[in-house]
Each structure stands twice: as structure tokens, then as C-alpha cells.
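Colleague: I'm new to reading structures, and I keep tripping over the labels people use. Could you walk me through where they come from?

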Amino acid sequence: MNKKTNTLLFVLGATVFNILITLISLAVLMFLYFKLLFPILPENVSVWGLPILLVGSLGLSFVVYRLILKQIIKRIDMEKYFDPIFGSRRAKTKPLE
């Protein structure tokens, strides 16, 4: 496989992984909310639980995703296996004429 294919597969895999982390964190937070907080909160306050859980699961998935991605970047030489998406990190210099 070439670098462009590796980059495409990495981005697709990372996207699917991020969605899975979001769904898992939402499920865990909803389980904890309905098991622990929902029975003791008043009805007018418990209505705000779902929007707060959605934002919380997005934030939690972002943190987990970033931590795992940092570990992957430490272990893999990204420039060796992946093509830059938005251009090269190194500035291309023009030869002097």
C-alpha cells in the first residue's frame, strides 16, 4: 500500500473509532445517570440530564481520543507511513538561481 492509501485508511479508522468511543461513553454516562442521579433529582431538573449527557459524552470521547492518538503518534513515524493531508510540514524551499 502507498502512503495515500495508508492515510485514507487511518482517517477512516480513526473516525469510526471516535464514533465508537462517543457511543460507549454516552451509554456509560446514561447508565450512571439513570442508576444514580435520576431517582433523586426533581423532575424539572432531570429534564436537563440528556443534553448534559450528550455534551459530556462528546467531551469525554474527545479527551480519550486525543490521549490514544498521542500514544499512536509516539509509537509510529507518521511521515514514514502517511501522506500529509494539508501539505508538508517542512517548507519547500526554491533553489537559488
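Colleague: Which helix is Arg 66 found in?

Modeller: Arg 66 sits in helix H3, which covers residues 49–75. Keep in mind that this is a predicted model.

Colleague: Okay, and why does Arg 66 count as partly exposed?

Modeller: Its relative accessibility is 41%. Buried means under 20% and exposed means over 50%, with partly exposed in between, so Arg 66 at 41% lands in that middle class. Arg 66 also gathers with Lys 70, Lys 74 and Arg 75 in a patch of positive charge on the surface.

Colleague: What makes that patch positive?

Modeller: Lys and Arg count as positive, and the patch has Arg 66, Lys 70, Lys 74 and Arg 75 in it.

Colleague: Let's try Ser 57. Why is Ser 57 called buried?

Modeller: Ser 57 is in helix H3 too. The cut-off for buried is under 20%, and Ser 57 has just 1% relative accessibility, so buried it is.

Colleague: Which residues does Ser 57 touch, leaving out those up to four places away in sequence?

Modeller: Thr 22, Ser 25, Leu 26 and Leu 29.

Colleague: And Gly 56, why is that one partly exposed?

Modeller: Gly 56 belongs to helix H3 as well. With 29% relative accessibility, Gly 56 falls between 20% and 50%, so partly exposed is the right label. Gly 56 and Leu 29 are 27 residues apart in sequence, but their C-alpha atoms are 8.1 Å apart in space.

Colleague: What about Thr 7, buried or exposed?

Modeller: Thr 7, in helix H1, has a relative accessible area of 12%. That is under 20%, so Thr 7 is buried. Beyond residues up to four places away in sequence, Thr 7 touches Phe 82, Asp 83 and Ile 85.

Colleague: How many salt bridges does a search of the whole structure find?

Modeller: One. Lys 4 forms a salt bridge with Asp 83.

Colleague: How do you know that Lys 4 and Asp 83 form a salt bridge?

Modeller: The rule asks for a side-chain nitrogen of Lys or Arg within 4 Å of a carboxyl oxygen of Asp or Glu. Here the closest N and O atoms are 3.6 Å apart, so the pair qualifies. The two residues are 79 apart in the chain: Lys 4 is in helix H1, while Asp 83 lies in the segment after helix H4.

Colleague: Why is Lys 4 called exposed?

Modeller: Lys 4 has a relative accessible area of 60%, which is over 50%, so it counts as exposed. Asp 83, with 26%, is partly exposed.

Notes
Residues are numbered from 1 along each chain as its sequence is written. This is a predicted model: local features need pLDDT of at least 70, side-chain atom pairs count only at pLDDT 80 or more; totals for chains, interfaces and linings use all residues. Side-chain values use heavy atoms; hydrogens and water are left out. Patches are made of residues with over 30% relative accessible area and no salt bridge: like charges are joined within 9 Å, nonpolar side chains (Val, Leu, Ile, Met, Phe, Trp, Tyr) within 5 Å. Accessible areas come from the Shrake-Rupley method with a 1.4 Å probe; for residues, only the protein chains shown count as cover. The place of a charge is taken as NZ of Lys, CZ of Arg, CG of Asp or CD of Glu. Helices (H or I, at least four residues) and strands (E, at least two) are DSSP runs, numbered from the N terminus. Buried means under 20% relative accessible area, exposed over 50%, partly exposed in between (1.4 Å probe, protein chains only). Contact means heavy atoms within 4.5 Å.
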